[in-house]
Amino acid sequence: MVSKPVANSMLVLRIVTLAASAVTVALLVTNNVKFDDGSKLKFQDLTSYRYVLAVAAIAGAYCILQLPFAIYYAVKQKRLIKNGILPEFDFYGDKVISLLLASAIGVGFAVSVEFKEFFDDIFDGAGVSKNDPTRSTNDKYFIRGIIASAVLSVALLAMFVVSVISSINRSKSKGIFG
């Protein structure tokens with residue numbers, strides 16, 4: 001059993017993770033640009049962005065699954081299901097989601113920054129000005145990927161703290177493995 005402030009903190013942090021995941025999904029899904037020649041670039045065109053989107057959706061779904069249990073735990077300060085499985089589920093689930101979020105952030109930042117620099121070097125080498133519409137459209141696309149990854153890092157930070165708290169809760173309860 002943890003104190004009420006700790007239980008409330010876990011609830012708030014799960015809500016922050018859910019909100020950041022939802023914002024990341026919204027940013028990525030709307031990351032579509034159209035160039036002057038009529039060609040389009042969508043988030044689906046990069047497998048890495050699809051991975052970031054999938055992880056954000058999984059993290060959001062996990063938080064939605066955890067919310068009723070976290071609300072009950074914050075209000076009553078006891079577990080909804082009393083057989084010891086919830087601390088175990090929290091422990092392992094929080095760790096897995098944290099690792100997925102960390103990998104998605106790494107992928108999102110790496111692809112966005114590397115491609116942006118790559119295309120900037122190509123544009124610079126070709127003598128294209130920084131005000132060129134094609135160059136600014138290209139930059140807009142990758143900057144939005146960087147922003148989506150930055151927002152997802154807020155979800156990771158919140159989930160990391162929840163993960164630490166769930167580790168402490170697991171060590172205080174007997175759990176199903178001893």
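# Briefing: a four-helix, two-strand protein

Setting aside residues within four places in sequence, K42 makes contact with N31, N32 and Y141. The model in which these contacts appear is predicted. The protein contains four helices and two strands, and the order of these elements from the N terminus is α-β-β-α-α-α. The points below take the protein as a whole, then its helices, then some individual residues.

**Overall form**

- The protein has a radius of gyration of 20 Å, whereas a compact globule of 178 residues would have one near 16 Å.
- Along the principal axes, the C-alpha atoms of the protein fill a box of roughly 65 × 25 × 25 Å.
- Of the 178 residues, 40% count as buried.
- Taking contacts between residues at least 6 apart in sequence, 80% join residues that are at least 24 apart.

**Surface and charge**

- About 9,200 Å² of the protein is exposed, and 69% of this area is supplied by carbon and sulfur atoms.
- The side chains include 19 positive and 13 negative ones.
- The centre of the positive set and the centre of the negative set lie 19 Å apart.

**Lengths of two helices**

- Helix α1 covers residues 4-29.
- With 26 residues, α1 reaches 38 Å from its first C-alpha to its last, close to the 38 Å expected at 1.5 Å a residue.
- Helix α3 covers residues 85-125, which makes 41 residues.
- From first C-alpha to last, α3 reaches 59 Å, close to the expected 60 Å.
- After α3 comes G127, and its phi is positive, near 75°.

**Buried residues of helix α1**

- Which residues of α1 are buried? They are A7, M10, L11, L13, R14, T17, A20, S21, T24, L27 and L28.
- M10, one of the residues in α1, has a relative accessibility of 5%, and it counts as buried because this is under 20%.
- Beyond its neighbours within four places in sequence, M10 is in contact with V162, I165 and N169.
- M10 and K76 are 66 residues apart along the chain, and their C-alpha atoms are separated by 14 Å.
- T24 also has its place in α1. Its relative accessible area is 0%, so T24 is buried.
- The contacts of T24, leaving out neighbours within four places in sequence, are V52, A56, A148, V151 and L152.

**Residues of helix α4**

- Helix α4 covers residues 133-172, and I146 lies in it.
- N138 is also placed in α4. At 4% relative accessibility, N138 counts as buried, since buried means under 20%.
- What does N138 contact, apart from neighbours within four places in sequence? Its partners are F35, F119 and F123.
- I143 is another residue of α4. With a relative accessible area of 38%, I143 is partly exposed, because 38% falls between the 20% limit for buried and the 50% limit for exposed.
- The C-alpha atoms of I143 and S153 are separated by 15 Å, and the two residues are 10 apart along the chain.
- I146 has a relative accessibility of 23%, so it counts as partly exposed.
- Not counting residues up to four places away in sequence, I146 touches F109, S112 and V113.
- From I146 to D120, the C-alpha distance is 15 Å, and these residues are 26 apart in sequence.

**K42, a loop residue**

- Where is K42 placed? It is in the loop between β2 (40-41) and α2 (47-76).
- Is K42 buried or partly exposed? Its relative accessible area is 37%, so K42 is partly exposed.
- K42 and L157 are 115 residues apart along the chain, and 28 Å separates their C-alpha atoms.
- Y141, one of the contacts of K42, has a number that falls within the 133-172 range of α4.

How values were computed. Residues are numbered from 1 along each chain as its sequence is written. This is a predicted model: local features need pLDDT of at least 70, side-chain atom pairs count only at pLDDT 80 or more; totals for chains, interfaces and linings use all residues. Side-chain values use heavy atoms; hydrogens and water are left out. Buried means under 20% relative accessible area, exposed over 50%, partly exposed in between (1.4 Å probe, protein chains only). Contact means heavy atoms within 4.5 Å. The radius of gyration is taken over C-alpha atoms; the globule rule is 2.2 Å times the number of residues to the power 0.38. Accessible areas come from the Shrake-Rupley method with a 1.4 Å probe; for residues, only the protein chains shown count as cover. Lys and Arg count as positive and Asp and Glu as negative; His and the chain ends are not counted. The place of a charge is taken as NZ of Lys, CZ of Arg, CG of Asp or CD of Glu. The expected span of a helix is 1.5 Å times one less than its number of residues.
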